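Biologist: Please take a close look at a single part of this model and describe in one connected answer how that part is placed and what surrounds it.

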Amino acid sequence: MYPALQRLLRSLLPAAAAAALLVPSAAAGLPAVPQGYTSPFSDVRQGAWYYPYVSVLNHKGVIAGYDSSHFGPQDAVRTGDAVLMVLKAAGCKEQAARPGEHYAAGYLRYAVKRGWLTRQQTADPEAPAPRLLLARLAAQALGLEASGGKSPFADVKDGLVTALYREGIVAGTDVEGQCLFQPDSAITRAELSAILWRVQGHGRRFLFEKYALDRLEVVPACTLDPERFVRRGDRMTYTGSTADLGVDVSYHNGTIDWKKVAADGISFAMIRAGGRYYGSGGLFEDTQFRRNIQGALDAGLEVGVYFFSQAVSAQEGRAEARFLLKLLEGYGFTGPVVFDWENIPNDRARTDGLSSAVLTQAANAFCQEVEQAGYAPMIYFNRQIAYLHYDLEGVAQYPFWLAEYGPSHDFQYDFHMWQYTDAGRVAGIQGPVDLNIRVTPF
């Protein structure tokens, strides 16, 4: 008969195989615990990171415990069970065991036949299943190709594991500043619960930091290939296509010699026109705005402007736009007018705790005013604000300006501009400056 772990798996919905081998401790986008559900297991209680996974799958009848009150979340999963579950979740047809064999022998034999595992790896189906074995099996069952990029993990350099990471299937554990995969550790029953949930949602979810997020079909997926962005020093290009470099500036950058900026390979400038104070809520004009916009225009640069928002309502978003539009009177430019709402990480701010719905309403109100005035609206954010603060479906009608510092981007959705560093050096500007790349013209 099937052992206790096999009782864990009553059924699996056909889906692509995926393995969330290192599971986040908390997450947005977690499965919603069914209303009125109470865990029958004394060792699976609210507050445990695996509680939502176990609750949903137990409610659906997908998983069960050793008995009516004991789940054993930290118990190791055996190799035979792990292989069976991954392959069955991948849509593999029933692989029956021969008389006298281990109940998972058919699945183990199938994995060896496909070249996904070796005979040695499947020799002992009762041995604990190492994470690396299960990760490689999941990647191959998914049909993924090994990635040649740098491994995100300090303790394993395996192209298939890297491919799983890039697909948002596996994450790591931070240990003293290093992201570890722990390849030789066994999968636990708690982790298995998350694995099964992600199996059912593979292709519909991705990982961001400690969050498992739903992919939004309404929001256009990113069409820019991260591998085609090439950075040399602080300058970025996009291979096989013409791309423009730009700066974004405010009074923090001091007095700028815009002719020198234009002569240093810069094609466009995004200029802060003003903002709202995050404490008092008062509106202000950037003290260098008029000098910057006129200087950039005189130097022949394409110009756009942005407004630092701290709106806490649609009414305030609309008021910010109207304040900005008055500042723009008399300046002829063709670039975007940007809503730049940011959270304040190191101080108390009037925007603390603002809901996603209200932020989205404020952004829409701002953009609608800008559009009605004949300008092209745009929304600026980093990944955290995009994924965790906005309702992106609610602002998908506007182009995005992404802030993510590094040699390549890791954003799921389309963006028009990418602020890729805050440490650029440009002639005519003293000190470091934000640099942006734009593949598609304004």
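Modeller: Helices (H or I, at least four residues) and strands (E, at least two) are DSSP runs, numbered from the N terminus. The model is predicted, with local features needing pLDDT of at least 70 and side-chain atom pairs counting only at pLDDT 80 or more, while totals for chains, interfaces and linings use all residues. Residues are numbered from 1 along each chain as its sequence is written, and side-chain values use heavy atoms, without hydrogens and water.

The part I have chosen is helix H6, which spans residues 159-166, in a protein that has 12 helices and 15 strands and whose C-alpha atoms fill a box of roughly 85 × 50 × 35 Å along the principal axes. Of the 442 residues of the protein, 52% count as buried (under 20% relative accessible area with a 1.4 Å probe, protein chains only).

At the N-terminal end of H6, Asp 158 acts as the cap, with a side-chain oxygen 2.9 Å from the backbone nitrogen of Leu 160. Leu 160 is itself one of the buried residues of the helix, and Val 161, Thr 162, Ala 163 and Leu 164 follow as the others. These buried residues of H6 pack against helix H5, which covers 131-142, where contact means heavy atoms within 4.5 Å. Just after H6, Gly 168 takes a positive phi of about 80 degrees. Read along the chain, the picture therefore runs from the cap at Asp 158, through the buried residues that pack against H5, to Gly 168 with its positive phi.

Technical notes:
Buried < 20%, exposed > 50% of the residue type's maximum accessible area, 1.4 Å probe, protein only. Polar contact = N/O pair within 3.5 Å; in protein donor to acceptor, adjacent residues only side chain to side chain.
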